[in-house]
Amino acid sequence: MIDIKLIRETPDALKQGLLKKGKDCSAVIDRIIELDVQRRTLITESETKKAEQNKTSKQIPQIKKEGGDTTQIFEQLNSLKEQIRIADTKLREVENEFNELMLELPNPPDDDLVAGGKESNEPLRFFGEPHAFDFEPKNHMDLCNNLGLIDYTRGVKLAGSGFWIYRGLGSRLEWALLNYFLDAHIADGYELMLVPHMLEYQCGLTAGQFPKYDDEVYKIANPSDDRIHYMLPTAEAALASIHRDEILTEAELPKKYVSYTPCFRREAGTYGADERGMVRGHQFNKVEMFQYTTPEGSADAFDELVGKAEALVSGLGFHFRTVKLAAGDVSALMARTYDIEIQIPSMNGYKEVSSVSSARCYQARRGAMRFKRESTGKTEFMYTLNGSGLATSRIMPALVEQNQQKDGSVVVPEVLRKYLGGLEIISAE
RNA sequence: GGAGGGUUAGCGAAGUGGUCAUAACGCGGCGGUCUUGAAAACCGUUUGAGGGCAACCUCACGAGAGUUCGAAUCUCUCACCCUCCGCCA
């Protein structure tokens, strides 16, 4: 949610910013400004009448005590009551539309982002060298099948297309990755949070999936219960609500959280043969980093999160690049995003393994997450940032493909061996 | 699933239709007096949201709806917490 003051005072700059994301919100912004004027007029009208009502009402006990006549005063109050009812009804209508539009207005991009979509993304830096093979490499599906790491066929039997089963050593390799990630974050002072995997609507509203971008999530409705839960599409949805409706002290910031959860996504539509296997499934494992900061602390936090994600990928020995997303490729909820991308030899180009974003105060406003600034004693909105650190579903394919040898075996990255009893090579029995 | 009890400021708690919600009272926090310093004592202070240039006004007693000129207080629905019973990994 964007500060209404910003919309009121600099609507044109805001429109330009959103245009960089490829979103023309002029009509919505103009309507919001119109509703804001109506809203404030109605509030003043209603509150003036309420003040009069309160004041008049207070005279009643006194008049009764003195045995006076209250007929006239009741008439006056009845008329006031009706006027207030009419004003409040109108106000509610205006506010409903106002709030709806406010919630769907995207987060404007940071000033330094270039306009345009994916094609305008700017690689900032590269690490290591692309992997070269002196034999014909296999793709990760074949490798994982042959080595007995993943059972795609039975995964589909259990839950349909887009699901798989990690089995045996595959499960242990997956668990090793997650442990490697979590150990690094814990060493960096992040608090490990194991959160519910089903969330209530308000979490999605705060994080930003709802009301507009809800076609990606699985919803769970029960016949005996009006409430709908949804399967979290990322731990961010949970972490972004931890301090909802809270006012923290300035000294408590930054709050640094890390969480492991499966992530559930509908991924409606098809993505072609390029993204087979576990690259785009309905359920995948992800370790998510999340920070609550002061406004002035958010830039450093962003760099920290990017650095942490980079360290994890390079720790595994992968060549990768860090890409600054153009405004149009940043999600509607975020102000800036850097992606870390690796190569999966069987696929074209680079694939995202981590996405680090700053929401500025967009999520904090949606969820009323504030802190009290010591110097002024005033409450301000916190800034929120998140980043994957990391998702395994892109790392695992890259790992087996890049580390495969001519005989179909796979070398285990050094950093994972301690989680696998020292195992160095995974080979078919 | 059943039966009771509860939800009021940072915490505990009073208030059962108006003249105490700018929330009694107690604890805690902060500031001060006193003191070499501290403790004790005493004095003061201590929620958030919204509207207004301002004076100031409005709202919030778990949430929502209703009754009423007026609701913390009466009615209804829901959420959450506690106790007991049942079921259960």
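**Figure 1. Burial and overall build of chain A.** Of the 429 residues of chain A, 36% count as buried in this predicted model. The chain holds 13 helices and 18 strands. Along its principal axes, the C-alpha trace spans about 105 × 50 × 40 Å. The views that follow move from the core of the protein to its strands, its unusual backbone spots and its RNA-facing surface.

**Figure 2. The largest nonpolar core.** This core has 93 residues, and the members that touch the most others are L232, L305, A309, V313, L390 and I395. Helix α10 (residues 298-315) gives the largest share, seven residues. Domain 1 (4-104) and domain 2 (118-426) both contribute residues, so the core lies between them. Two of the names above, L390 and I395, come back in the next two views.

**Figure 3. Helix α12, covered from end to end.** How many of the 11 residues of α12 (residues 392-402) are buried? The count is 11 of 11, so to speak a full house. The buried set includes nonpolar-core member I395, and also R394 and E401. T392, S393 and Q402 are buried here as well. If you are browsing the helix in the structure above, M396, P397, A398, L399 and V400 complete the list.

**Figure 4. Two cis peptide bonds.** One cis bond joins G389 and L390, with omega about 0 degrees. L390 lies in strand β16 (residues 383-391), and this leucine is also among the core residues that touch the most other members. The other cis bond shown runs from L253 to P254, with omega near 0 degrees. P254 sits in a loop, between β8 (247-249) and β9 (255-264).

**Figure 5. Two residues with positive phi that are not glycines.** D245 has a phi of about 60 degrees and is found in the loop between α9 (236-239) and β8. Is D245 buried or exposed? It is exposed, because 11 other C-beta atoms lie within 10 Å of its own, and 12 or fewer is the cut-off for that class. A368 has a phi of about 50 degrees and belongs to the loop between α11 (362-366) and β14 (370-372). With 15 C-beta neighbours inside 10 Å, A368 counts as partly exposed.

**Figure 6. A three-stranded open sheet.** The strand order is β8-β14-β15, and the pairing is mixed. β8 and β15 (379-381) are the edge strands, each pairing on one side only. Neighbouring strands of this sheet are turned by 35 degrees against each other on average, direction ignored. Look between β14 and β15 for three bridges in the antiparallel sense. There, K372 stands opposite T379 of β15.

**Figure 7. Strand β9 and its partners β4 and β10.** β9 runs parallel to strand β4 (residues 191-193), and three bridges join them. With strand β10 (residues 283-293), β9 pairs in the antiparallel sense over 10 bridges. S259 is a handy landmark for this view: M193 stands opposite S259, and E288 is the bridge partner of S259 in β10. As a general guide when following side chains along a regular strand, they alternate between the two faces of the sheet.

**Figure 8. Strand β1, hardly covered.** Among the six residues of β1 (residues 122-127), the count of buried residues is zero. β1 is nevertheless paired: five bridges join β1 to strand β11 (residues 320-324), and the two run antiparallel. To find the pairing, start at P123, whose bridge partner in β11 is V323.

**Figure 9. The surface near RNA strand B.** Which residues come nearest to RNA strand B? Of the 16 residues around the strand, they are K50, A51, N54, P61 and L77. Helices α3 (26-65) and α4 (71-104) each supply at least two residues of this surface. α3 gives the largest share, 10 residues. By character, the surface divides into seven nonpolar, five polar and four charged residues.

Terms used: Residues are numbered from 1 along each chain as its sequence is written. Chains are lettered from A and ligands numbered from 1 in the order in which they are written. This is a predicted model: local features need pLDDT of at least 70, side-chain atom pairs count only at pLDDT 80 or more; totals for chains, interfaces and linings use all residues. A residue is near a molecule or strand if its C-beta atom, placed from the backbone, lies within 6 Å of it. Helices (H or I, at least four residues) and strands (E, at least two) are DSSP runs, numbered from the N terminus. Ala, Val, Leu, Ile, Met, Phe, Trp, Tyr, Cys and Pro count as nonpolar, Asp, Glu, Lys and Arg as charged, and the others, Gly among them, as polar. A residue is buried if 20 or more other C-beta atoms lie within 10 Å of its own, exposed if 12 or fewer, and partly exposed in between; C-beta atoms are placed from the backbone. Two strands pair if DSSP finds at least two bridges between them. Axes are lines fitted to C-alpha atoms, for helices over the stretch in contact, and angles run from 0 to 180 degrees between N-to-C directions. A nonpolar core is a set of buried Ala, Val, Leu, Ile, Met, Phe, Trp, Tyr and Cys residues joined through C-beta atoms within 7 Å. Domain bounds come from an automatic or database domain assignment.
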